[in-house]
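This briefing works through one structure by topic, beginning with its covered core and moving on to the metal site, the charge pairs and the surface. Please keep the sequence and the coordinates at hand while reading.

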Amino acid sequence: MTGESNTYGELIEGILSGDQRALASVISKIEDRAPGYRELVSNLHEHTGNADVIGLTGAPGSGKSTLVDKMAEKYREKGETVGVIAIDPSSPFTGGAVLGDRIRMASNVGDMGVFFRSMSARGSLGGLSTATTDAIRALDAFGKDRIIVETVGAGQNEVDIVRAADTVAVLVPPGSGDAVQTLKAGILEIADVFVVNKADRDGADRTVKELREMVGEIPDSPAGHHGAGEKELFADESGEEASEEDGNWTPPVLETVAKTGEGVEEFMESIEEHSSWLDESGEAEKNARKRYAAEIRTLLRQDTADLLQEEIERGGGIEEHAEKVLNKETDPYSVVDEIMKPVEDCVNRKREEGREGN
Ligand SMILES: Nc1nc2c(ncn2[C@@H]2O[C@H](COP(=O)(O)OP(=O)(O)O)[C@@H](O)[C@H]2O)c(=O)[nH]1
Ligand SMILES: [Mg+2]
């Protein structure tokens with residue numbers, strides 16, 4: 001125990017004193033959910049809050065990595081330090097895709113001011129957004145000025161991941177007339193800036209125009225409204241509130257050619273404008289509060305699920321229960337009651353003890 005906490009103490013010290021190896025080691029522990037990583041992340045929290053977190057999402061091949069590379073280069077020119085987290089939810093192991101990303105990032109390799117890291121879904125269900133949030137914390141505590149999170153914009157998981165960012169940019173490829181129509185409502189809802197990358201290609205102007213038209217419709221977006229069950233403990237309320245508060249910020253639509261760097265400065269300026277708007281409007285603080293609430297809910301859900309999973313295993317596994325339900329020996333509700341009973345009993349006992357102690 002003592003030895004372990006010493007190690008973690010050293011890692012924290014390493015991060016705070018700018019040791020890249022400590023940073024890499026901490027992010028690995030976060031990614032692997034290594035024993036004690038929670039304590040580590042807990043201790044990082046008080047040192048965070050200074051970084052600007054930028055989320056970059058869009059379909060595979062839309063040019064995210066190329067754009068990130070250019071941004072990192074330009075931030076470095078301005079004397080700012082950069083941390084990049086590239087999320088690849090599809091690959092459980094570090095493989096070709098990651099290597100590809102590393103090659104694309106070649107222009108910044110060797111620059112100690114840029115820390116690049118790929119992360120993938122290794123841990124349990126829904127763990128990637130938690131791990132990303134924790135990795136952002138490590139980079140923030142380390143003192144990175146800018147943290148860029150690159151993630152493929154597809155499902156809810158990716159939406160959850162980019163929610164950790166202060167400013168979310170959505171890349172939309174030009175040309176295909178359907179591109180704008182097929183943008184998922186969830187993605188639209190989180191976009192603070194739209195980027196039509198590959199503006200050197202045909203159809204970019206039309207895509208920009210379509211996006212601008214759509215942005216005008218966003219204040220009434222149905223995506224922000226949710227059903228009645230939303231106030232439950234684990235429900236994510238952020239979407240509902242966002243649709244009202246975001247009324248003051250209309251996402252700009254920009255064009256870039258990431259390959260040449262054209263338009264990248266302007267894109268960075270619009271990130272800056274959004275960041276200022278967040279601070280001045282008080283949204284930054286509101287968003288942070290919402291994010292922490294969501295994070296607490298997620299952690300509770302994960303811990304509860306883990307605890308219940310142990311109970312299920314103790315009872316012979318979920319298949320055992322399913323078999324009994326199939327044979328009409330029991331029913332799903334009774335099974336759940338049975339599994340929950342010891343947990344509830346324990347909670348009730350603790351509450352009683354607490355009352356007696358007062
Ligand atoms: N023509 C053109 N190609 C680009 C541009 N930006 C990126 N690409 C190319 O598009 C491909 C995919 O880019 P990449 O950054 O890996 O996309 P990601 O999957 O979104 O990270 C690569 O071959 C890039 O060289 C651009 O602005 N114009
Ligand atoms: Mg990429």
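A residue is called buried when its relative accessible area is under 20%, exposed when that area is over 50%, and partly exposed in between. By that cut-off strand β4 is mostly covered, since 6 of its 7 residues are buried. The model is a predicted one, and the values below should be read with that in mind.

**Strands β1 and β4**

- Strand β1, which spans residues 52-58, runs parallel to β4, and 7 bridges join the two strands.
- Gly-58 has its place in strand β1, and across the pairing Gly-58 stands opposite Val-152 in β4.
- With a relative accessibility of 5%, Gly-58 counts as buried.
- Gly-58 also has a spatial neighbour from elsewhere in the sequence, for its C-alpha atom is 8.5 Å from that of Ala-169, although the two residues are 111 residues apart in sequence.

**The magnesium site**

- The magnesium ion, ligand 2, is coordinated by Ser-65 through OG and by Glu-150 through OE, at 2.1 to 2.2 Å.
- Ser-65 belongs to helix α4 (residues 64-77) and Glu-150 to strand β4 (residues 146-152), so the pair ties together parts of the chain that are 85 residues apart in sequence.
- Both coordinating residues are covered by protein: Ser-65 counts as buried at 6% relative accessibility, and Glu-150 likewise counts as buried at 7%.
- Water is not among the atoms, so the site may look incomplete.

**Salt bridges**

- The structure holds 17 salt bridges, and three of the pairs are described here.
- Arg-38 forms a salt bridge with Asp-303, with 2.8 Å between the closest N and O atoms.
- That pair links distant parts of the chain, given that Arg-38 is in helix α3 (residues 37-44) and Asp-303 in helix α12, 265 residues apart.
- Arg-38 is partly exposed, with a relative accessible area of 45%, and Asp-303 also counts as partly exposed, at 31% relative accessibility.
- Asp-52 forms a salt bridge with Arg-146, the closest N and O atoms being 3.5 Å apart.
- Here too the pair links distant parts of the chain, with Asp-52 in strand β1 and Arg-146 in strand β4, 94 residues apart.
- Asp-52 is buried with a relative accessible area of 19%, a value that falls under the 20% cut-off, while Arg-146 is buried with a relative accessible area of 5%.
- Lys-286 forms a salt bridge with Glu-283, and the closest N and O atoms of this pair are 3.4 Å apart.
- Lys-286 and Glu-283 both lie in helix α12, where a separation of 3 residues amounts to about one turn of the helix.
- An α-helix has 3.6 residues a turn, so residues three or four places apart point the same way.
- The two partners differ in cover, as Lys-286 is partly exposed with a relative accessible area of 35%, whereas Glu-283 counts as buried at 4% relative accessibility.
- Salt bridges with shared partners also join Asp-52, Glu-80, Arg-146 and Glu-272 into one network.

**Helices α11 and α12**

- Helix α11 (residues 264-281) has 18 residues, which at 1.5 Å a residue should span 26 Å, and the distance of 26 Å between its end C-alpha atoms agrees with this expectation.
- Among the buried residues of α11 are Val-264, Phe-267, Met-268, Ile-271, Trp-277 and Leu-278, and the list also includes Ser-270, His-274 and Ser-275.
- Just after α11, Gly-282 takes a positive phi of about 85°.
- Helix α12 covers residues 283-314 and contains Ile-296, which counts as exposed at 52% relative accessibility.
- Tyr-292, Ile-296 and Leu-300 make a nonpolar surface patch of about 280 Å².

**Helix α13**

- Ile-318 is found in helix α13, which is made of residues 318-326, and this residue counts as exposed at 51% relative accessibility.
- Ile-318 and Val-335 are 17 residues apart in sequence, and their C-alpha atoms are 9.7 Å apart in space.

How values were computed: Residues numbered from 1 in each chain as written. Chains lettered and ligands numbered in written order. Predicted model: local features only at pLDDT ≥ 70, side-chain atom pairs only at ≥ 80, totals over all residues. Heavy atoms only, no water. Donors = N, O, S within 2.8 Å, 3.2 Å for Na, K, Ca; no water. Helix = DSSP H or I, 4+ residues; strand = E, 2+ residues; numbered from the N terminus. Buried < 20%, exposed > 50% of the residue type's maximum accessible area, 1.4 Å probe, protein only. Expected span 1.5 Å × (residues − 1). Pairing = 2+ DSSP bridges. Patch = residues over 30% accessible without salt bridge, like charges linked within 9 Å, V, L, I, M, F, W, Y side chains within 5 Å. Areas by Shrake-Rupley, 256 points an atom, 1.4 Å probe, with all protein chains shown as cover. Salt bridge = Lys/Arg side-chain N within 4 Å of Asp/Glu carboxyl O.
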